[in-house]
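These are my notes on the spaces inside a protein model and on one part of its surface. I went through the spaces one at a time and wrote down what lines each.

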Amino acid sequence: MQPQKQAEEAIVSSFNQTDHHDDREEEEGPDHQSGFSLTNFLWHGGSVYDAWFSCASNQVAQVLLTLPYSFSQLGMLSGIIFQIFYGILGSWTAYLISILYVEYRSRKEKENVSFKNHVIQWFEVLDGLLGPYWKAVGLAFNCTFLLFGSVIQLIGCASNIYYINDNLDKRTWTYIFGACCATTVFIPSFHNYRIWSFLGLGMTTYTAWYMTIAAIVHGQVEGVTHSGPKELVLYFTGATNILYTFGGHAVTVEIMHAMWKPQKFKYVYLFATLYVFTLTLPSATAVYWAFGDQLLTHSNAFALLPRNKWRDAGVTLMLIHQFITFGFACTPLYFVWEKVIGMHDTKSICLRALARLPVVIPIWFLAIIFPFFGPINSAVGALLVSFTVYIIPALAHMLTFRSASARQNAAEKLPFFLPSWTGMYVVNALIVVWVFIVGFGFGGWASMTNFIKQVDTFGLFAKCYQCPPKVSASPPVHH
């Protein structure tokens, strides 16, 4: 056995003394067996750095373009505060999810359960630690969130490409990109996103700094106003879009499972979030400073930035990145569907790809029904993200370690910055209360009010959401 292979098996089996190795090693192919190959370098990832790239790349995609819109709803100060607050909150609940994953895997491997050729998912962690009811709740929220997360990426693709080529309406572009995104069925697992995560983060970084510099160079539009926050509905809609932004860790368990040493994931999401701050804060601040209240009717920042080669490059890169993020959101859904139909253990990539195709069809359909780029983010944030990645992990952590024996035998020690179980329970309880009242309660009311307004204004199956009216050439005047 080659050194890399031995290292992977030794690291993963460190949960226990049993010789379990990672999830898809059997199908990695001949390139993986050699000491080094280009395919191995680009295709197979399981290090801490791979996890960081995956988290940072997955956290901001099309939502980067809607954050200036959120700032116009919240105002500058509230926008900055909410970004930092929900960034920290999101990092904390990602940390909780990683603790629960390690606890679940540790317990199962002590029972000699092998996860060879099997990808552990969040609902299975909840099932193993808390029982079938929690599994059902986790599965329902997680799958629905990932479904609509994929829908949002598809809507974002159509919205962006329109600003390069408006010869086709956004609905037609949705048909086209739905077919393109369906090719993600051929990517087996998160192991195989190494090069895509790296490229995706580079693309987001370019776009964020392009937005920042372009807005500053453009300067403030004539008569610019910054009236936000003006209405409660808009205020809480903007806040829930930011909650959605930093709630991208519905795929945390799958990313962890793709690591050679999942225990090292604990602080990965925090470091990813710190980097994301360098993208989201300057870009949203600069664009809102330049265009002010105009953003209230332009949820995509590209709509206001001057058209030139730099903007077109940003649009193109975001399109590619949204394709990658679509794959990130869809891959866990593919795993769930494979398990339902009994195809999860199949080694043939082509057979699994064929089995996965039915997952893409409802995503495609929903993107055509609800093309409301921006408002749909807030609705998903309030109704789904609030539970999936904030409330459920906090409650699950409290219930998993509610007994003295569970706390004493925990696979992971308490964090150095909060070495008290009482402190952990207080923090988790505050998160549950805050997100339920502010995120789900006020945020749900505001985002659904705004969403219904979009339906009333543009209608379902809107052909071209927020498209400027096309100016037709004036007919010649005959004397």
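Entry 1, second largest cavity. The model I am reading is predicted. I looked up the second largest cavity and found 13 residues in its lining. Ala158, Lys170, Arg171, Thr174 and Pro371 lie nearest its centre. The volume of this second largest cavity is about 90 Å³. I then checked which elements give two or more residues to its lining, and these are α8, α9 (170-181) and α15 (349-369). Sorted by class, the lining of the second largest cavity has eight nonpolar residues, two polar and three charged.

Entry 2, largest cavity. I counted the cavities of 30 Å³ or more, and the structure holds seven. The largest cavity has about 200 Å³ of space. Its lining is made of 17 residues, and those closest to the centre are Asn58, Phe145, Gln153, Tyr244 and Gly248. Two or more lining residues come from each of α4 (48-59), α8 (132-161), α11 and α14 (309-341). I noted that α8 has the largest share of this lining, with four residues. How many charged residues are in the lining of the largest cavity? I found no charged residues there, but nine nonpolar and eight polar ones.

Entry 3, largest pocket. I turned next to the largest pocket, which holds about 320 Å³ of space. It is lined by 16 residues, and Leu234, Leu296, Asn450, Lys453 and Gln454 are the closest to its centre. The elements that give two or more residues to this lining are α5 (63-74), α11 (232-245) and α18 (421-458). Which element gives the most to the lining of the largest pocket? I found that α18 does, with six residues. By class, I listed six nonpolar, seven polar and three charged residues in the pocket lining.

Entry 4, nonpolar patch. On the surface I looked up a nonpolar patch of about 590 Å². Leu232, Val433, Phe436, Ile437, Phe442 and Trp445 make this patch. Here α18 gives the most, with five residues. I picked Val433 for a check, and its place is in helix α18. Is Val433 buried, partly exposed or exposed? Val433 has a relative accessible area of 47%, so I put it down as partly exposed. A patch residue needs over 30% relative accessible area, and Val433 at 47% meets that cut-off.

Entry 5, back to α18. I wrote down two results for this helix together. The helix α18 gives the most to the lining of the largest pocket, and α18 also gives the most to the nonpolar patch.

Terms used:
Residues are numbered from 1 along each chain as its sequence is written. This is a predicted model: local features need pLDDT of at least 70, side-chain atom pairs count only at pLDDT 80 or more; totals for chains, interfaces and linings use all residues. Side-chain values use heavy atoms; hydrogens and water are left out. On a 1 Å grid over the protein atoms alone, a cavity is a set of points where a 1.4 Å probe fits but cannot get out, and a pocket is an open set with protein on both sides within 12 Å along at least five of seven lines; lining residues have an atom within 4 Å of a point. Grid points are joined across faces, edges and corners, and a volume is the space filled by probe spheres set on the points. Ala, Val, Leu, Ile, Met, Phe, Trp, Tyr, Cys and Pro count as nonpolar, Asp, Glu, Lys and Arg as charged, and the others, Gly among them, as polar. Patches are made of residues with over 30% relative accessible area and no salt bridge: like charges are joined within 9 Å, nonpolar side chains (Val, Leu, Ile, Met, Phe, Trp, Tyr) within 5 Å. Accessible areas come from the Shrake-Rupley method with a 1.4 Å probe; for residues, only the protein chains shown count as cover. A salt bridge is a side-chain nitrogen of Lys or Arg within 4 Å of a carboxyl oxygen of Asp or Glu. Buried means under 20% relative accessible area, exposed over 50%, partly exposed in between (1.4 Å probe, protein chains only).
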